Amino acid sequence: MGVDFLDLIHRVERELGIQLDESDVGRIIERRVVSEGVPPIRDIQVGKFVLWVAATVARQNPAFQRDVFEVVRTQIVECLQVEESEVTLEAWLVRDLGMA
């Protein structure tokens, strides 16, 4: 587990003009709980991922005007080859969307 997650991270960073904390990313991939509340990949819902990304956008790119969820959803659809309708805030990245 982790290749899809890294791909998604790079896509989101590029699209939003941010850099997600590498230590958080590493801990997520290693399946350890992150101090800021980001759980291991297997336990991440889209909504939690969006909150983490949105907090980073607020710190690093406060002038960003688009809806963070819409950007993240588009990147999840492209990365995981799933239908847009499947990517809801309640969907689980691994269990529901097949992230590997």
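Asp7, Arg11 and Glu78 are joined to one another in a network of salt bridges, and this network offers a convenient way into the structure, which is a predicted model. In total, the structure holds five salt bridges, and those discussed here involve Arg11 and Arg73.

Within the network, the side chains of Arg11 and Asp7 meet at 3.1 Å, N to O. Because Arg11 and Asp7 are four residues apart in helix α1, about one helical turn separates them. The other link runs from Arg11 to Glu78, whose side chains meet in a salt bridge at 3.5 Å, N to O. Here Arg11 lies in helix α1 while Glu78 lies in helix α4, so this pair ties together parts that are 67 residues apart in sequence. With regard to solvent, Arg11 has a relative accessibility of 19% and therefore counts as buried, the cut-off for that class being under 20%. Its two partners fall into another class: Asp7 counts as partly exposed at 30% relative accessibility, and Glu78 counts as partly exposed at 38%.

Helix α4 is also the place of Arg73, whose side chain meets that of Glu70 in a salt bridge at 2.5 Å, N to O. Since Arg73 and Glu70 are three residues apart in helix α4, they are separated by about one helical turn. Arg73 is buried, because its relative accessible area is 15%, whereas Glu70 is partly exposed, with a relative accessible area of 33%. If neighbours within four places in sequence are left aside, Arg73 is in contact with Glu84 and Val87.

Val87 leads on to the nonpolar part of the structure, for Val87 also appears among the contacts of Val46, which, leaving aside neighbours within four places in sequence, include Phe69, Ile76, Thr88, Leu89, Ala91, Leu93 and Leu97 as well. Val46 belongs to the largest nonpolar core, a set of 28 residues in which Leu16, Val46, Phe49, Val53, Ile76 and Leu97 have the most contacts inside the core. The elements that give two or more residues to this core are α1 (3-16), α3 (46-60) and α4 (68-80), and of these α4 gives the most, with seven residues. In soluble globular proteins, nonpolar side chains tend to be buried together.

Taken together, these descriptions return to helices α1 and α4, which are tied by the pair Arg11 and Glu78 and which both give residues to the largest nonpolar core.

Notes. Residues are numbered from 1 along each chain as its sequence is written. This is a predicted model: local features need pLDDT of at least 70, side-chain atom pairs count only at pLDDT 80 or more; totals for chains, interfaces and linings use all residues. Side-chain values use heavy atoms; hydrogens and water are left out. A nonpolar core is a set of buried Ala, Val, Leu, Ile, Met, Phe, Trp, Tyr and Cys residues joined through side-chain atoms within 4.5 Å. Buried means under 20% relative accessible area, exposed over 50%, partly exposed in between (1.4 Å probe, protein chains only). Contact means heavy atoms within 4.5 Å. A salt bridge is a side-chain nitrogen of Lys or Arg within 4 Å of a carboxyl oxygen of Asp or Glu.
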